[in-house]
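Here's a chain to walk through from the outside in. Pull it up in your viewer and follow along.

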Amino acid sequence: MRKLENSELHRKSIADFKKASKTAIILVLDDIRSLHNIGSVFRTADAFLIEKIYLCGITAIPPHKEIHKTALGATETVTWEYGADVLTVIEKLKKEHVKVYAIEQVENAILLQDFKPEDDQKYALVFGNEVFGVNQQAIKICHGTIEIPQLGTKHSLNISVSAGIVVWDLFTKMKIND
């Protein structure tokens, strides 16, 4: 077994990325404090051709050197938009017939392994503050919530880790249906 050289990875150019068919997933980051978390989510979004990221509330926006450290240029490829109020962004997405799910631990949440994306449906995933999670008002107006099952003592994951887990899971489920 041999590690591949960068030239063997067949990476897309920025122009090719912009033209590529996107995965029908939108990420909504609300009140994310850590610039490294923001950059990491951008990198995950680039890896899975995510359609768009909304940055809401106190979430910092590019360009910023601390975001760039972990995004490694993904802020140049992934489409993003700032929305001051997450509730307004969620309502806008719902009017566009996007199914919006908060990623949070709440009563009657759908466990991630049980979530079945519908064919030809676009989804938005809302991720909240590192300490307080997704705010309750946002949860109330989402179509539902998805919970990542956790069996240890902490029952919390870093937001960028949560985004990676959920995006990968939905990506694989959606691509199987293609």
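What percentage of the 178 residues of the chain count as buried? The figure is 46%. Keep in mind that this is a predicted model, so to speak a computed picture throughout.

Let's take the overall layout before zooming in. The chain has seven helices and seven strands, and reading from the N terminus their order is α-β-α-β-α-α-β-α-β-β-β-α-β-α. The radius of gyration is 16 Å, close to the 16 Å that the globule rule gives for 178 residues, so the chain is as compact as a globular protein of that length. If you'd rather think in box dimensions, the C-alpha trace spans about 50 × 40 × 35 Å along its principal axes.

Contacts and surface fill in the rest of that overview. Take the contacts between residues at least 6 apart in sequence: 82% of them join residues at least 24 apart. As for the outside, the accessible surface of the chain is about 10100 Å², and carbon and sulfur atoms account for 53% of that.

Now zoom in on strand S6, residues 123-127. This strand is mostly covered, with five of its five residues buried. Look at the two faces in turn: Tyr123, Leu125 and Phe127 sit on one side, Ala124 and Val126 on the other, and all of them are buried, so to say both faces are covered.

Which strands pair with S6 here? One of them is S1 (residues 23-30), which runs parallel to S6 and is joined to it by five bridges. In that pairing, Ile25 stands opposite Tyr123. Strand S4 (residues 99-103) also runs parallel to S6, with four bridges joining the two. There, Ala102 is the residue that stands opposite Val126.

Helix H2, residues 35-47, makes a good next stop. Does its length add up as expected or not? At 1.5 Å a residue, its 13 residues should span 18 Å, and the end C-alpha atoms are 19 Å apart, which agrees. The buried residues in H2 include Ile38, Val41 and Phe42, along with Asn37, Gly39, Thr44 and Ala45.

Both ends of H2 have a detail to check. At the N-terminal end, Ser34 acts as a cap: one of its side-chain oxygens lies 3.2 Å from the backbone nitrogen of His36. Just after the helix, Leu49 takes a positive phi of about 50 degrees.

Key
Residues numbered from 1 in each chain as written. Predicted model: local features only at pLDDT ≥ 70, side-chain atom pairs only at ≥ 80, totals over all residues. Heavy atoms only, no water. Buried < 20%, exposed > 50% of the residue type's maximum accessible area, 1.4 Å probe, protein only. Pairing = 2+ DSSP bridges. Expected span 1.5 Å × (residues − 1). Polar contact = N/O pair within 3.5 Å; in protein donor to acceptor, adjacent residues only side chain to side chain. Rg over C-alpha atoms; globule rule 2.2 N^0.38 Å. Contact = heavy atoms within 4.5 Å. Areas by Shrake-Rupley, 256 points an atom, 1.4 Å probe, with all protein chains shown as cover.
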